[in-house]
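User: Hi! Could you walk me through this one before I set anything up?
Analyst: Happy to, let's look at it together.

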Amino acid sequence: MKRIYSSHWSDYELIDAGNDKKIERFGNTILIRPDRNAYFSPILSQKEWKQKAHFEFIEETSSKGIWKTLKQNTPKEWQINYKGCVFNLRLTKFKHIGVFPEQQSNWDFIKTQLCCTEPFEEKKFLNLFAYTGGASLIANSAGANVFHCDSVKQIISWSKENMESSNQSDIRWVFDDALKFATKEVKGKKNMMV
Ligand SMILES: C[S@@+](CC[C@H](N)C(=O)[O-])C[C@H]1O[C@@H](n2cnc3c(N)ncnc32)[C@H](O)[C@@H]1O
């Protein structure tokens, strides 16, 4: 089995984890969020976590919650960059902020695979359950013809914003259920929102 490790990313850092939470830095903004995988004890004290963080997500139900401000006047919308791909981040009531940084090694894998493609081969990339488009942006930057499928309209708009902020173009937006879209494609029908 080959282990794949994430490389250094100046705009992201997992600072600490434990007690069912994690503390992460996205650019200059530090967040505390619940994480069931952090079942162990953290290295830093709770006091140190609170001193560092700008916002903490407080769960109200299993799927929603609110962001508690720990440092006043911190912008609630900001940007981070990965290899020229720009993510517009914002604090959503679902705990997520517009990027899953644990996907970084997958993005690197995608880029390597696309860059290895023979020049005469057509580079096509289908991103299902595509969220805000990390994989789409990376594949597009590697010269692929990208189809980005998500069933939530606001998420497609957010992805378009990221494409524009990254000075990219020509991603094909597919607003559809992933399984329905894939089934239609297999049957040769197309339903694309460009
Ligand atoms: C957890 S996120 C995926 C994160 C993504 N893999 C990444 O690396 O950033 C799940 C995404 O799938 C979308 N989604 C959920 N059900 C879907 C469906 N049936 N068809 C298409 N997209 C769907 C959601 O709107 C959301 O954007």
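User: Let's start with a pairing. Which residue in β2 is the bridge partner of Ala17?
Analyst: In β2, Ala17 has Lys22 as its bridge partner. Keep in mind that this is a predicted model.

User: Noted. How many bridges join β1 to β2, and do they run parallel or antiparallel?
Analyst: There are six bridges between β1 and β2 (residues 21–26), and the two strands run antiparallel.

User: What sheet has the order β1-β2-β3-β4-β5, open or closed?
Analyst: That one is an open sheet of five strands, with mixed pairing. Its edge strands are β1 (12–18) and β5 (65–69), each of which pairs on one side only. From one strand to the next, the twist averages 20°.

User: And at the other end, what joins β4 to β5?
Analyst: A hairpin does, through five residues. Strand β4 (residues 55–59) and β5 run antiparallel, joined by five bridges. As an example of who faces whom, Ile58 of β4 stands opposite Ile66 in β5.

User: Switching topic: which strands form the open sheet of three?
Analyst: Those are β8, β9 and β10, in the order β8-β9-β10, and the pairing is parallel. The edges are β8 (124–128) and β10 (172–175), each pairing on one side only. Neighbouring strands here are turned by 15° against each other on average, ignoring direction.

User: How many bridges join β9 to β10?
Analyst: Four bridges join them, and the two strands run parallel. Cys149 stands opposite Val174 in β10.

User: Which helix packs on that sheet, and what does it touch?
Analyst: Helix α3 packs there, touching β8 and β9. The direction of α3 makes about 170° with that of β9.

User: At what angle do α2 and α3 pack?
Analyst: Helix α2 (residues 104–116) and helix α3 (residues 134–141) pack at about 25°, and their axes are 9 Å apart. Angles under 35 degrees count as roughly parallel, so α2 is roughly parallel to α3.

User: Is the crossing of α2 and α3 left-handed or right-handed?
Analyst: The crossing is right-handed.

User: Which residues make the contact?
Analyst: On the α2 side they are Asn106, Trp107, Ile110, Lys111 and Leu114. From α3 come Gly134, Ala135, Ile138 and Ala139.

User: How does the contact of α2 with α3 divide by class?
Analyst: By class, there are six nonpolar residues, two polar and one charged.

User: Great, now the bit I care about for docking. How many residues surround the ligand, and which are the closest?
Analyst: The ligand is surrounded by 13 residues, and the closest are Phe129, Tyr131, Ser151, Val152 and Ala178.

User: Which elements give two or more residues to the shell around the ligand?
Analyst: Those are α3 and β9 (145–150). You've met both already: α3 packs on the three-stranded sheet and touches β9.

User: Last one: what classes do the shell residues fall into?
Analyst: The shell around the ligand has eight nonpolar residues, three polar and two charged.

User: Thanks, that's just what I wanted!
Analyst: Any time!

Notes
Residues are numbered from 1 along each chain as its sequence is written. This is a predicted model: local features need pLDDT of at least 70, side-chain atom pairs count only at pLDDT 80 or more; totals for chains, interfaces and linings use all residues. Axes are lines fitted to C-alpha atoms, for helices over the stretch in contact, and angles run from 0 to 180 degrees between N-to-C directions. Angles under 35 degrees count as roughly parallel, over 145 as roughly antiparallel, 65 to 115 as roughly perpendicular and the rest as oblique. A crossing is left-handed if the near helix is turned anticlockwise from the far one by less than a right angle, and right-handed if clockwise. Two residues are in contact if their C-beta atoms, placed from the backbone, lie within 7 Å. Ala, Val, Leu, Ile, Met, Phe, Trp, Tyr, Cys and Pro count as nonpolar, Asp, Glu, Lys and Arg as charged, and the others, Gly among them, as polar. A residue is near a molecule or strand if its C-beta atom, placed from the backbone, lies within 6 Å of it. Two strands pair if DSSP finds at least two bridges between them.
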